[in-house]
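Me: I've got a structure to look at and plenty of "how do you know" questions. Can we go through them together?

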Amino acid sequence: MVGGVAVLDYNNDGLQDIYFVNGARQPQLDKPEPSWFNRLYRNSGGGKFTDVTMEADVAGDGFATGVAVGDYDNDGYADLFIAGVNRNTLYRNRGTGKFENVTSKAGLAHEGIGRKPWSIAAGWFDFDNDGDLDLFVVNYCVWIPESEHACTIGNSRTYCHPRYYDGLSNNLYRNNGDSTFTDVSNSSGIAAHIGKGMSAAFLDFNGDGRLDIFVTNDTVPNFLFRNDGAGRFREVGLETGIAFNDDGRAVSSMGVDARDIDNDGREDVFVSANNGETFPLFRSLGNGTFLDVTYPSQIGRQTLVYTGWSNAIVDLDNDGLKDLFIACGSIDDNVEKFSQRTSNHPNVVLRNVGNTQFIDVTGRSGRALQATARHRGAAFGDFDNDGRVDVVVTRIDEPAILLRNISPPDNHWLAIRLRGQKSNRDGIGALVEVVGASGRRQWNRATSSTGYASSMHGVVYFGMGRDPTAKRIEIVWPSGIRQTLDNVACDRYVNVEEQVAQTK
């Protein structure tokens, strides 16, 4: 279950760097060996990366699973939150090339609460729109090594089904604005719901200007926490049609991404799951409910044989239609011993051909993409600044892979970097609408939470197809400020600073 990865520009040099989360020895044993520490690689340009883990002081320790990137103190430098077994860590980016472990100082240490939770993933968002990023931590289940089950299929040892473990509630921490946090899990209503969480995505599914939280749960119903304002959330997964799939089943939900997939201005939700369950796509109907379109979109029949982990809704060929990427690999490493399936899977790309229809193009996307492994984390960024979104993927017991996007450069693109003033400095939560020269409208939201236990930070991408310019870019900031840019040339990075003088 390990293998989160983050894409960020930690030193603000305009090149996106990579942070890998690695599993280590189980917590009750000796400290991890150095080769199992987390790793930070600085993008040195020219397709080269340099390991700067030790000089940046972000190696960490213990058994880590996920990572979330966000500038929680609004100082202009991306910080790191690491989720793990019995121990979470907050690294503050000091802006000098080094990070500082401020977990206890910030109030995020698991102190005085008995047995520590197993956190899988996390995400930054501003739930009260006060200009400071808050933190949502996804917790999995109660794991007690001393009483661990021994599970088998036939004579083969396997990982145990989640039914053997009690679930946990998730945590919500409010940013106090002074680099400390207050645990508001109980007062917000989040702690009242027990699940087996794997990942989270943030969206405004009812269009009220407040970010809501979708949580994937492993074999139990998914959660959709509606932000009711005044610091309160209400769980509405069942009534909105997103807790179960179309068969009424709670699947092994793992990764999730929430973005507008059909260019109708409403955010949809894409989930990865276990083989035999498909990868559900929930389309927003615009009335606060969702429709499972997994089979009508052709996703169902094309994903039935795969087990998916980190995933994303991202335009990989810049044609103006967002595609689907899924990092795949079985849960067990010995599947061949007890089934007709295989342990290693390829990563999967489903190309959006319009009208909410997708086709599997993995077989024509190059040998690197087709290589099989037990893939886990995946994060997305433009590592060579050519406007095509690349992918970095982790693999169990193998080196990670960096997949450079070499799609034909015929289509235009825009990459937008946001800088909040009244809103949080990252602009996380801002909704960006782009209208191309042809009149085609697209929407995308600034977020750092993507897929399974992974994170991407700092850029909002748009494929523009044949449009060489954007007739209009409109940004709705978390503060409520609306900002418009007219006649913007494509094929470049655009830096946009929030104009606080403008009215709502």
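Reply: Sure, and let's start with a word we'll need: two residues are in contact when they have heavy atoms within 4.5 Å. Keep in mind that this is a predicted model.

Me: What share of the contacts between residues at least 6 apart in sequence join residues at least 24 apart?

Reply: That would be 55% of them.

Me: Why is the chain called as compact as a globular protein of its length?

Reply: Set the value against the rule: for 504 residues the globule rule gives 23 Å, and the radius of gyration is 21 Å, which is close, so the name fits. The C-alpha atoms fill a box of roughly 65 × 50 × 50 Å along the principal axes. As for secondary structure, the chain has 6 helices and 38 strands.

Me: What makes a residue count as buried, and how many are?

Reply: The cut-off is under 20% relative accessible area. Of the 504 residues, 59% count as buried. The chain still exposes about 19,400 Å², with carbon and sulfur atoms supplying 46% of that.

Me: What makes the second largest pocket a pocket, not a cavity?

Reply: A cavity is a space the probe cannot get out of, whereas a pocket is open. This one has a volume of about 810 Å³. Its lining has 43 residues, and Arg417, Leu418, His457, Gly458 and Val459 lie nearest the centre. Among the elements giving two or more residues to that lining are β30 (412–419) and β35 (460–465).

Me: How do the lining residues of that pocket divide?

Reply: Into 17 nonpolar, 14 polar and 12 charged. Gly counts as polar here.

Note on methods
Residues numbered from 1 in each chain as written. Predicted model: local features only at pLDDT ≥ 70, side-chain atom pairs only at ≥ 80, totals over all residues. Heavy atoms only, no water. 1 Å grid on protein atoms, 1.4 Å probe; cavity = no way out; pocket = protein on both sides within 12 Å on 5 of 7 lines; lining within 4 Å. Points joined across faces, edges and corners; volume = space filled by probe spheres on them. Helix = DSSP H or I, 4+ residues; strand = E, 2+ residues; numbered from the N terminus. Rg over C-alpha atoms; globule rule 2.2 N^0.38 Å. Buried < 20%, exposed > 50% of the residue type's maximum accessible area, 1.4 Å probe, protein only. Areas by Shrake-Rupley, 256 points an atom, 1.4 Å probe, with all protein chains shown as cover.
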